[in-house]
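Subject: Structure handover

Hi,

Here is the structure I said I would pass on. Have a look at it first, then read my notes underneath.

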There are 2 protein chains.
Amino acid sequence: MTTTNKKHVSKYQDKHHKKFPKGTKGVWVNEKSDGKYQLTNEEISLPAAVIKQSAIDNNQQWMQHFANHHNVKLSPHGKTTMSPALFEQQLDAGAWGITIASAPHAEVAVEAGARNIMIANQLVGKANMAMVANLLATYDVTIYSCVDSTANAQQLNDFFASHNQTLHVLIEFGIEGGRCGCRTETEVHALAEFIAQCPALKLAGIEVYEGVIHGESAEQDIRDFLATTVKLTETLKEKALIEGTPIVTGAGSAWYDVVAESFAACQHLTPIIRPGCYLIHDTGIYQDAQSNVMKRAQTNQGYACELGGDLQSALEVWAYVLSRPEPNKAVIGLGKRDVAFDAGLPSVEHVYRNGEKRAIEGLTATAVMDQHMFMAVEEGCDLQVGDIIGFSTSHPCLTFDKWKYICVADEDHVVERFIETCF
Amino acid sequence: MTTTNKKHVSKYQDKHHKKFPKGTKGVWVNEKSDGKYQLTNEEISLPAAVIKQSAIDNNQQWMQHFANHHNVKLSPHGKTTMSPALFEQQLDAGAWGITIASAPHAEVAVEAGARNIMIANQLVGKANMAMVANLLATYDVTIYSCVDSTANAQQLNDFFASHNQTLHVLIEFGIEGGRCGCRTETEVHALAEFIAQCPALKLAGIEVYEGVIHGESAEQDIRDFLATTVKLTETLKEKALIEGTPIVTGAGSAWYDVVAESFAACQHLTPIIRPGCYLIHDTGIYQDAQSNVMKRAQTNQGYACELGGDLQSALEVWAYVLSRPEPNKAVIGLGKRDVAFDAGLPSVEHVYRNGEKRAIEGLTATAVMDQHMFMAVEEGCDLQVGDIIGFSTSHPCLTFDKWKYICVADEDHVVERFIETCF
């Protein structure tokens, strides 16, 4: 189909980042003429989610350099942040496209300026397909969707054929006990043959998510799985079941190094990695995953060590001490409504009182409710009602989706803009 | 302060409920001229959160009648839904006010038309106080905040005195091992004396949250705690530490019956109950709590049974079967991003295929990830990729806060409007 007369996508940055909204959880402020709001001076309503621009910049550059070094394309998983401003920043820094999880997410990625959009998931249902059809008709974009069944391939073909459109698809290859995906190479071949008979579908390659492989031999199992995936892609190409240069894509934020190394040699293919959490990072499960990346790099003389620096935790949630009802207990104005709680509770990073940093130690989050968090407080600790605590977090995805607006702060905790999330 | 020249609050309903937004998770549709969107015909992008209007109407009337019968005022906890349209409906049906958890929430309640707003939490921090001060200056409303420390009382007094305003406060009375709140009657008295010296604060009564009392003797312990609370309130009034008719308030959605019964005799006080989840209800933890309410009503000849009917689960999340990768496994396009997972996983209520209801049994949710849910599928079950499943949920608060827009459906699953959430 022709790409003429398609919309120009204006920069999201210009449309959405100029003003703090009033009355929105966590970013309410008394308007100041200089537009600078100091978190430590209580110029922003807390709790508030805050990202550090310097850490975002660091993480984005770090991962883009890592991908460039391995000659793999970076298609960051946007589901973590669903923030057009961050998508735009990732695209400007060299990302090939944006990966997302659903059709409504695809719309956000397209409107943020992505030209390649990978739905790393099955596209199921007429309204979801209609949304993708509208995007294809309106914008000059390529949208890839995963398929792992002839049922879904048939549904997609029926829909897009009736719209005189072609949808790019990737066959998802999975493992027994895993998530989606064909379980055997035979199934993949059969599905590829089926897709070849679907005039509205164009098979572009193979997609995997190695993050479902666990256990003591996970690294070797993942390497084996990736090697099989590459061979499978090559075989489908040899059989002329894939048009153009085949895509082979994998990688969450835990094993992107192994995926990049495994794909680095595949320059007859288009290798794409899709980490998402690296941009925000954390001090919990993704810090653990990244420390494993670094350990593997040391063992293998891998590039992650040569590259210098490391990912930094970019997200904090700031909140007040509401109550000190018992000597060893503090209640914080922060809850399941504000922060991820499925992979460890938040950790104290800073304490401020009346604008001054306080060296207060011995605080441990012990439980979280909808709007409150309990902290165990060590004997004699001078934590007071009204003190501000900045917490780092574990699992950025489930903190981001709690906020419509997230503050962007500099190193001095001054906020001049916010980013909008589009979950 | 004078209430002249304060803003008239226009009906939220008129401003916000006319049109489906495009490109918003879960409510995208191809626009239809009749404005009616049939969930079972795939006219709405899934996953989508859906509330049944009939169940909401039932629940609202049921609880308002329950409160009226006991001569207690109903101030529904709005934190569950944070939906102005639902606040408005609750106020129209006779609610005394809206209870919320934070200053930004208070703004939403005021703009939805509430005249009495109870912040069932400590109001801490200058930006939060400034938000309340702005509301008091702009609207003809009374805002109550909880205090449990002289530190917070001093901070509030300093702030509101500097704004020449008076803030209504309730002393929070709690229990050892609980959440916020003074731990002893002596502490409450001392705090009341302190507040009496604060010119910008007006002590309006006592607030408790009995939901932190657990254990085998929970019911009796709660009754004792409430009796102490009533006496404490009366004593503070006798000592002229409370101005006007004292408020005594308690009740989450689990023990509102016991609280209403305990407060029913206190007509020299203003007794207020604050359940929140009753409006949405569920098929999980709140169904369990409500069945305990009904059991207690049978034992005590309580009004919950006389009233007839019962609360109904009003919230569903609808999603597609994305994949059937193994004979006993289905992967659903629904995840932690879409539904509460902290109090049990969703339960299957309906299955539809090509617009027709299917009698499919033997499906059990076993795990949930960010964007996917696994279901165990019994041998021989005819569940197919593309089938639609409507799930009921447990813990409505943590499903509501995942959605900016929630579909409102009739009994035939036809959606004509959505409600906006303001988390």
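Below is what I found, starting with confidence and moving on to symmetry and a few backbone details.

First, keep in mind that this is a predicted model. Chain A comes out with an average pLDDT of 92, and 93% of its residues score at least 70. The weak part is residues 1-20 of chain A, where the pLDDT is below 50. That stretch still has 44 contacts in the model beyond its near neighbours in sequence. Even so, where pLDDT is low, the predicted coordinates should not be read in detail. As for the complex, the predictor gives it an ipTM of 0.94 and a pTM of 0.94.

Next, how do chain A and chain B relate to each other? A turn of 180° with a shift of 0.0 Å along the axis lays chain A on chain B, and the RMSD is 0.0 Å. The two copies are therefore related as by a two-fold rotation axis. Both copies use the same surface, as 100% of the contact residues of chain A recur in chain B. If you want to find the axis on screen, go to A:Lys402: among the residues of chain A, its C-alpha comes closest to the axis, at 3.3 Å.

Now for the backbone. Which peptide bond in chain A is cis? Look at the one from A:Leu46 to A:Pro47, with omega near 10°. A:Pro47 lies in the loop that runs between β1 (37-38) and β2 (48-52) of chain A. Chain B has a cis bond too, from B:Leu46 to B:Pro47, again with omega near 10°. B:Pro47 sits in the loop between β1 (37-38) and β2 (48-52) of chain B.

Two other spots have a positive phi without being glycine. One is A:Ala251, with phi near 95°. You will find A:Ala251 in the loop between β9 (247-250) and α9 (256-264) of chain A. Is A:Ala251 buried or exposed? Its relative accessibility is 1%, and buried means under 20%, so A:Ala251 counts as buried.

The other is B:Asn354, where phi is near 50°. B:Asn354 belongs to the loop between β13 (347-353) and β14 (356-357) of chain B. Here the relative accessible area is 67%, and the cut-off for exposed is over 50%, so B:Asn354 is exposed.

Happy browsing!

Methods. Residues numbered from 1 in each chain as written. Chains lettered and ligands numbered in written order. Predicted model: local features only at pLDDT ≥ 70, side-chain atom pairs only at ≥ 80, totals over all residues. Heavy atoms only, no water. pLDDT = per-residue confidence, 0-100. Contact = heavy atoms within 4.5 Å. Least-squares fit on C-alpha atoms with pLDDT ≥ 70 in both. Helix = DSSP H or I, 4+ residues; strand = E, 2+ residues; numbered from the N terminus. Buried < 20%, exposed > 50% of the residue type's maximum accessible area, 1.4 Å probe, protein only.
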